Amino acid sequence: MNSIPLFIQAGFWGGLAGSSLLIGALIGYYCNLNQRLVAAVMAFGSGVLISALSFELIQEAYNKGGLKSAGMGFIIGALVYTAANYFISKKGAKHRKRSNLKGKSHLDTSDAGALSIAMGAFIDGIPESLVIGLSIIDGGRINLITVLAIFISNIPEGLSSSAGMKNAKRSKIYIFSIWGIIALTSSIVSSLGYTLFKGISSGFVSAILAVAAGAILSMVVDTMIPEAFEETHDFAGLITAIGFLSAFILSNM
């Protein structure tokens, strides 16, 4: 892909990571998966994301702008995401990464709740897509570990919402159009992340990277880990640790 313009490459990788939302929606609409398996995948994805944050994103932010820029950006990202997540959760998307809709009285399976889940996925995807675009600025090298982690984490989200929309009697065209648009938006945001921030100061790129990293870590703790623990219980920590170690090994090979 060396001859392809970098903003197109950024869009491609962002779209690839976002495409798992659509894959999850297809699975949620047509299949009945073992819930413990889905939760295990989510726990593994949590570990991969945390590893990517620890050894790739926040370290890169520190290298570019120093401790002050990285630290302030990280806290701002966590605060902004937490505020947005709190608002969306009140609208019915608190358990948007849960795949098991049956017998969960506290999970809103109405159309409004399902749409809130889709909006939550959009909020989750903004910092993830920005990270992909920003990672390609220096040297044109994409962070494949980050793309993999985001891809894995998106699947249960699409699965949950599509099942809820199906229960609300929405059409297939309606459901898959929404997830297709969100996946396309991931591609656009990644491309913009590269295009808008290319050539600006290292300190500013550091802050943006740190903001995205703080938002992603908040997302993992607020939405992914609790839902993974709901089904895997005492094994959630072990599976998350395996995901963390796997990403660390791959990033150093």
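These legends describe three close-up views of a predicted model. Local features need pLDDT of at least 70, side-chain atom pairs count only at pLDDT 80 or more, and totals for chains, interfaces and linings use all residues. Residues are numbered from 1 along each chain as its sequence is written, and side-chain values use heavy atoms, leaving out hydrogens and water.

**View 1. Helix α1 and its bend at Ala17.** Helix α1 covers residues 6–30, 25 in number. Helices are DSSP runs (H or I, at least four residues), numbered from the N terminus. From first C-alpha to last, α1 reaches 36 Å, close to the 36 Å expected at 1.5 Å a residue. The expected span is 1.5 Å times one less than the number of residues. At Ala17, α1 bends by about 30 degrees (the angle between axes fitted to the seven residues ending there and the seven starting there).

**View 2. The salt bridge between Lys64 and Glu60.** A search of the whole structure finds one salt bridge (a side-chain nitrogen of Lys or Arg within 4 Å of a carboxyl oxygen of Asp or Glu). The closest N and O atoms of Lys64 and Glu60 are 3.5 Å apart. Both residues sit in helix α2 (residues 35–93); they are four residues apart, so about one helical turn separates them.

**View 3. Glu60 at the surface or inside?** Glu60 is partly exposed, because its relative accessibility is 32%. Buried means under 20% relative accessible area, exposed over 50%, partly exposed in between (1.4 Å probe, protein chains only).

Terms used
Helices (H or I, at least four residues) and strands (E, at least two) are DSSP runs, numbered from the N terminus.
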